[in-house]
Amino acid sequence: MSIAEIDLHSALKKFFGFSGFKGLQEEVIKNVIAGNNTFVIMPTGGGKSLCYQLPALIKEGTAIVVSPLIALMKNQVDAIRAVSENEGVAHVLNSSLNKTEVKRVKDDITNGITKLLYVAPESLTKAEYVDFLRTVKISFMAVDEAHCISEWGHDFRPEYRNLKHIIKRIGDDIPIVGLTATATPKVQEDILKSLGMSDAVTFKASFNRPNLYYEVRPKTKNVDADIIRFVKQNEGKSGIIYCLSRKRVEELAQVLQVNGVKAVPYHAGLDAKTRVKHQDMFLMEDTDVVVATIAFGMGIDKPDVRFVIHHDIPKSIESYYQETGRAGRDGGEGHCLAYYAYKDIEKLEKFMSGKPVAEQEIGHALLQEVVAFAETSISRRKFILHYFGEEFDNETGEGGDMDDNVRNPKKQVEAQDDVKILLETIQNTNEKYKSKDLVQVLVGKSNALISSHKTDTQPFFGVGKDKDARYWMALIRQVLVAGYLKKDIETYGVLRLSDEGKAFIKSPKSFMMAEDHVFDESTNDGIVTNAKGGGAVADEKLMTLLKDLRKRNAKALGVPPFVIFQDP
Ligand code: ADP
Ligand code: MG
């Protein structure tokens, strides 16, 4: 052990009382101390804060920490102060401070007392602060929750967009440390680009949560009864049930109470006192279940949450992962149960319909991944980790058998020939189509795009028409996960061949395919929101729906191009 390493360990012990580093912490910290740009991707609870706190305490100068959550900043400042002789060691700089307080902060920084300065991104836009920070020694800049910089993340904050310029104004070569629990490659790329740190050394921890069991059930009219049964079977255990709307939260909490379950509601429409009370009841085990909107969870650190139920499917895989991630923090049992019906996807698309087009495109692309996840028959863990850019072998990997699809596998069919057709079609049409357009070519159906590309597509038009669009969609998803294809994210999902894909065309091999689940939606007539919105799946549904309408009403001349959603 070198002297520097011994020092790091004793500093860890001295400041935080921990006897060892977790995961990649030590490597990260060395890189930060060396003054390099650093990018840290670790799941929630992985111990990211320490990666900038410890270097800040050791290095000369003040580290600026940008974080979007004022409450969390306060906690961190209190914790650091508690282990230090001088409470000036950490400060928060924000608009709530009066003149005297601001002066105190500035003095402490100037005198070299302050090692950590927490600021909200909007405070950093104040010229007064920036002008002051230019004049003092800054050790590095930590951007916590860095995914807020990306519209592809689950928590986009426009104020984060300017950070690069502000950092530049504070100093020319201030090292940057970006930290996030968002694992999608797209968001990571955005962060590196937006913070201007493409040279950063990246440290990425695995996002596998081997103790979590993933299950998706079809959402029928009896969903409440199903949830009650599940909760009763898990009596006395702590759990969170997520619903999309406040109304649903209230109703479901009541239904559970009537059935003798200790449950409380939680959503942003409740007054602050009730929210705090219900949260405390959950933490103190005075209630077993919290029925909540996504307003519940940020910063909740209850280690023994045994189940997370999604009454409504979330709007992205990312949100699903964050929300289910609140189960089993202690490494014990954690059952993640989601109810899925395609009409819920359509509802979510409807919510987006007023948003700017680019935002809709992003939202739509994220939703398509949710559909794929819900309907897939491959290992759910493999699917999630693949989404996060991580290879996972569910035969050998930890937690490989912990999901419904692996425990109850669907029959598999040999699809080697179809994979070859698929890959060749992609190659020969010059890798320029998204799944839904490619599927149109395969099954021999035209649309505006395809017919405008006749010369390119004609030779392949209908090469896969002995199978239907749903089959090809499912195959594309599985081929993606297997790594033969990659999706170009900049262009919202254009499919390209990987090197493995090119090799497959030359020498095809066995490819076992499981057919996707078919979720019965016969109860949801008339709930297609947007003809374009649902991609191939929705288009198909829309067509069946229109056909159905026409049959039922022969006089239905002028059937509208799409059916408007009616709230039930
Ligand atoms: P993240 O920001 O990645 O979600 P935090 O920084 O909030 O995670 O840390 C999560 C928890 O892990 C905290 O309670 C923290 O005190 C604890 N922790 C961090 N590093 C260590 C360590 N080396 N040893 C023990 N506990 C640690
Ligand atoms: Mg954190």
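How many Å separate an oxygen atom of ligand 1 from a polar backbone atom of G46? This tour of a predicted model begins with that atom pair.

**Stop 1: the ligand and its contacts**

Select ligand 1 together with G46: an oxygen atom of the ligand is 3.3 Å from a polar backbone atom of this glycine. Add G45 next, where a polar backbone atom is 2.6 Å from an oxygen atom of ligand 1. Then display the side chain of K22, in which an N or O atom is 3.2 Å from a ligand oxygen. Now consider the ligand's surface: taken alone, ligand 1 exposes 570 Å², and the protein buries 66% of that area.

**Stop 2: the surrounding shell**

Select F18, G20, F21, K22, Q25 and P43, followed by T44, G45, G46, G47, K48 and S49; these residues surround ligand 1. Colouring the shell by class shows three nonpolar, seven polar and two charged residues.

**Stop 3: the largest nonpolar core**

Leave the ligand and select L124, L133, I170, L195, F296, Y340 and I345. Of the 80 residues in the largest nonpolar core, these touch the most other members. Next, highlight helix α14, residues 357-375, which supplies the largest share of this core, eight residues. In soluble globular proteins, nonpolar side chains tend to be buried together.

Centre the view on L133. Beyond its neighbours within four places in sequence, L133 is in contact with I64, L117, L124, I138 and I170.

**Stop 4: another core**

Finally, select I29, M42, C51 and I80. They are among the 33 residues of another core, which lies apart from the largest one.

Terms used:
Residues numbered from 1 in each chain as written. Chains lettered and ligands numbered in written order. Predicted model: local features only at pLDDT ≥ 70, side-chain atom pairs only at ≥ 80, totals over all residues. Heavy atoms only, no water. Near = heavy atom within 4 Å. Polar contact = N/O pair within 3.5 Å; in protein donor to acceptor, adjacent residues only side chain to side chain. Areas by Shrake-Rupley, 256 points an atom, 1.4 Å probe, with all protein chains shown as cover. Nonpolar A, V, L, I, M, F, W, Y, C, P; charged D, E, K, R; others polar. Core = buried A, V, L, I, M, F, W, Y, C linked by side-chain atoms within 4.5 Å. Buried < 20%, exposed > 50% of the residue type's maximum accessible area, 1.4 Å probe, protein only. Helix = DSSP H or I, 4+ residues; strand = E, 2+ residues; numbered from the N terminus. Contact = heavy atoms within 4.5 Å.
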